[in-house]
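Thanks, everyone. One structure today, and I'll keep it quick. Have a look at it first.

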Amino acid sequence: MNVEPTIFQLDNGIRVVYLQDPSMVAHLGVTVRAGSRFESENEEGLAHFLEHCIFKGTKNRRAFHVLSRLDSVGGELNAYTTKEEICVYSSFTKEHLKRASDLLADILFNSTFPSKEVEKEKEVVLDEINSYLDSPSDKIFDDFESHLFPNNPLGNNILGTVESVQSFTKADLERYVKKFFYPENMVISFVGNLKSSVVLKQLNKDFGHYSHKEDTAQPTAPKELEAFNIESPEANYQSHLMIGGRAPGYNHPGRRVFNLLINILGGPALNSRLGLSIREKYGYTYNIDASYTPFEEVGYWNVYAGTDPKYQKKTLRLIKKEIQRFIDEPLTENQLKKAKQQMKGHLALGMDSNSGVMLNFGKSLLVFNQIDTLEEIYESIDSITPEEIQSIAQEFMSNDQVSSLVFSVKK
């Protein structure tokens, strides 16, 4: 696959990232800088609720016709909300570009949010909230973020609360769309076997005439944080443990260094340090992993584990021991070489999914206004030194910066 995309601009300024690929299946998505961290007071969960409601009818289509437009030709339509983005995307056989492009533009700019449909969708989202509250292994992630970013939208649950969701109106949804859905605040991404001239002509027809300008949305930066250690009796059979803290944001020069560190500590590979130690050597846990989530100006990292209550303290101690190793001693050149090879392999595997590539390209262009090639990313990984790994660990993982949240078993 040609992994070097091209960046274009529609007549109204919407940026487009395009990649031609020989597959008969094409992927088209629109990513909007309008995630939950941009919500105002009393709007908690509005971005996610909007993601649900844009499928409920437009000026040109009723809800049934929105949902059937791509499904009727074997295509797929979907969406998701993060702390920083709302993304609506589609997959379809390449002859149906017109159908997909017209549909995405229609639901993004012409949704009417019928009051009857909005009220029905509240019940769906409330059920989603209850499902999440019923799962400690999911809930601990959101609770940990709420403690990491107190009194800031980054700490709010993307789903919102029962009270906030019940309060939303058609006017709230319309206001949010008007505030954030404008050309300078969104990116279109396409991967498929169609010429760029064909794609751009269709996108200009469907998207190129929408033009209103808002002030660029600026998120509220979180305040300084004091580390916390909290235990709460919220688990049923397993203890759920989370250790972590704040981390580099997108624009931090050590972002890729930190990403490599987390990959070594508890990434998806079976041979991560946490996997080999706590899972394989001691057998204390089935699920254990580390993750890193960057935002614009800040990020956070965490280690999650589920374990038998009798191993709770031992597991916490072993996790902290593995973290401390990065602080106390630099990796050997051989260790670092193997870690780099592994991470580059993971990146290559990720590029094997055209749908994932399309979504990643959209986010990259929205955040950085550029797309790094795989070769450029490889070069940046190859340049990382053992000293940089140790230094970034000392900067973000020292004992006074590490927090913990434990869901212990109810007694």
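I'll start with the whole chain, then take the two annotated domains.

First, a caveat: this is a predicted model.

Now the overall fold. The protein chain comes to 15 helices and 11 strands. How compact is the chain, for a protein of that length? Its radius of gyration is 22 Å, and the globule rule gives 22 Å for 411 residues, so the chain is as compact as a globular protein of that length. Along the principal axes, the C-alpha atoms fill a box of roughly 60 × 50 × 40 Å.

Next, packing and surface. Of the 411 residues, 55% count as buried. Look at the contacts between residues at least 6 apart in sequence: 82% of them join residues at least 24 apart. The exposed area is about 19,200 Å², and carbon and sulfur atoms supply 48% of that.

Charges. I count 45 positive side chains and 56 negative ones. The centres of the two sets lie 2 Å apart.

On to the domains. Both annotations come from UniProt, from an unreviewed entry.

Residues 15-161 are listed as "Peptidase M16 N-terminal". That span is 42% helix and 19% strand. Its end C-alpha atoms are 34 Å apart.

Residues 167-343 are listed as "Peptidase M16 C-terminal". Here we have 41% helix and 24% strand. The end C-alpha atoms of this span lie 45 Å apart.

That's the tour. Over to you for discussion.

Notes. Residues numbered from 1 in each chain as written. Predicted model: local features only at pLDDT ≥ 70, side-chain atom pairs only at ≥ 80, totals over all residues. Heavy atoms only, no water. UniProt positions renumbered as here; feature names shortened; annotations may be inferred. Helix = DSSP H or I, 4+ residues; strand = E, 2+ residues; numbered from the N terminus. Rg over C-alpha atoms; globule rule 2.2 N^0.38 Å. Buried < 20%, exposed > 50% of the residue type's maximum accessible area, 1.4 Å probe, protein only. Contact = heavy atoms within 4.5 Å. Areas by Shrake-Rupley, 256 points an atom, 1.4 Å probe, with all protein chains shown as cover. Lys, Arg positive; Asp, Glu negative; His and termini not counted. Charge placed at Lys NZ, Arg CZ, Asp CG, Glu CD.
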